[in-house]
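Please walk through this model with attention to its side-chain contacts. Begin with confidence, then turn to rings and charges.

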Amino acid sequence: MAHRRTPHHRRVWTVAATAIVIAGVVTPAASGTTTAAPCTPGATYGPPLPGRTVAARLIRSGFNFLEGPTWDRRTGTLLLSNMQNPTGPQGVQPSAVLRYRPPATFETFIADSGSNGLAITADGTRVLAATHDNRTVSSYSLADRSRTTVAAGYLGRAFNSPNDLTTGKDGTTYFTDPNYQRGNRADEQGGRTSVFRVRDGVVSLVDDTLPQPNGVVLSPDGKTLYVGATGADAIMRYTVFPDGSTGNRTTFATMRTPDGATVDCAGNLYWASYDEGLVHVFSPSGTRLGTISAGRNTTNAAFGGPDGRTLYLTSGVSGGFGLYQTRLNVPGNPY
């Protein structure tokens, strides 16, 4: 598998193209903004896709490498990470959080964020970030963009390069730690790539046996955790217990290079396949419901829009990444 793991999208990209200049001002309120969660408790939902194969449309291209989209319901905007080429002797990739206001306004929201995966907190006041710049999980205030550390390491050792995360209503955050953005920095995890959880500053191990864990998402009821193991071409499922601990690991599905993921209100999973340039859609039981295409090298997906039924996808080639969207039948479950 070295032909795609070693130069994989999450580790190093080298391109000659310059980064796009992002402009535009985002105001605090907009028509169509909603602060209400789109999921209705006890609701029954029909088929999520309008057909077995769905094509997303391009919103804008020309970005270097997009990741980690997450929808901010309070402002009606999408946050996402734009990652650059490795720099310096340590080979660390600079990154910034962009802010997109539909239909066409982009701005740099947090410069030098060092981020990959993002997730808005349950109270809507902060964005959690898997930050490879200092190998931590961070939290940025959406009001003043100040940064705090959520998880600094495990048992006194630095993480590899936190990659993606998901957070529950109780504040427990689960995150993956492959080594794609570790660069030339020391391996303090002894060759292990792991899944962790953090609550009130306490970091606990979920699983240290997965090769290159990547996307991670909770079910709407918070009772199931899903993790994509890119190095195993598999999605794993864990039971989440009331205290946030996990167990009962099983293989939920197999697919090529599972990357980022999201979930809708019915519990259907939307998992990006980097190599295929597709998002695979699974029912909670693991039945394959169809695919959504967005060109090449799809990295992640997130629901948004006033009614929660717009799926945003990040996809493209290094130096020419784009943000895509498509309309679906079931609203997405917010982080």
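What follows covers confidence, aromatic pairs and salt bridges.

This is a predicted model, in which local features need pLDDT of at least 70, side-chain atom pairs count only at pLDDT 80 or more, and totals for chains, interfaces and linings use all residues. Residues are numbered from 1 along each chain as its sequence is written, and side-chain values use heavy atoms, with hydrogens and water left out.

The chain has a mean pLDDT of 89 (the predictor's confidence in each residue, from 0 to 100). In 89% of its residues the value is 70 or more. Residues 1-32 have pLDDT below 50. Beyond near neighbours in sequence, that stretch still has 86 contacts in the model (heavy atoms within 4.5 Å).

Now the rings. The structure holds twelve aromatic pairs. Rings of Phe, Tyr and Trp (its six-membered ring) pair if their centres lie within 6.5 Å; planes under 30 degrees apart count as stacked, over 60 as edge-to-face and the rest as tilted. One of the pairs is Phe159 with Phe196, with centres 5.1 Å apart and 55° between the planes, so it counts as tilted. This pair links distant parts of the chain, 37 residues apart. Phe159 lies in the loop between strand E10 (147-151) and strand E11 (165-167), while Phe196 belongs to strand E13 (residues 194-199). Strands are DSSP runs of at least two residues, numbered from the N terminus. Phe159 is buried at 0% relative accessible area, and Phe196 is buried at 0% too. Buried means under 20% relative accessible area, exposed over 50%, partly exposed in between (1.4 Å probe, protein chains only). Elsewhere, Phe63, Trp71, Tyr100, Phe106 and Tyr312 form one aromatic cluster.

Next, the charges. The count of salt bridges is ten (a side-chain nitrogen of Lys or Arg within 4 Å of a carboxyl oxygen of Asp or Glu). Arg249 pairs with Asp207, their closest N and O atoms being 2.7 Å apart. This bridge links strand E18 (residues 246-254) to strand E14 (residues 202-207), with the partners 42 residues apart. Arg249 is partly exposed at 41%, whereas Asp207 is buried at 7%. Asp72, Arg99 and Glu107 are joined into one network by salt bridges that share partners.

Within that network, Arg99 meets Glu107 at 3.9 Å, N to O. Arg99 is buried at 8%, and Glu107 is buried at 11%. Arg99 also lies over the face of Phe109, 4.4 Å from the ring centre. For a charge over a ring, NZ of Lys or CZ of Arg is within 6 Å of the ring centre and within 35 degrees of the ring normal.

Note on methods:
Helix = DSSP H or I, 4+ residues; strand = E, 2+ residues; numbered from the N terminus.
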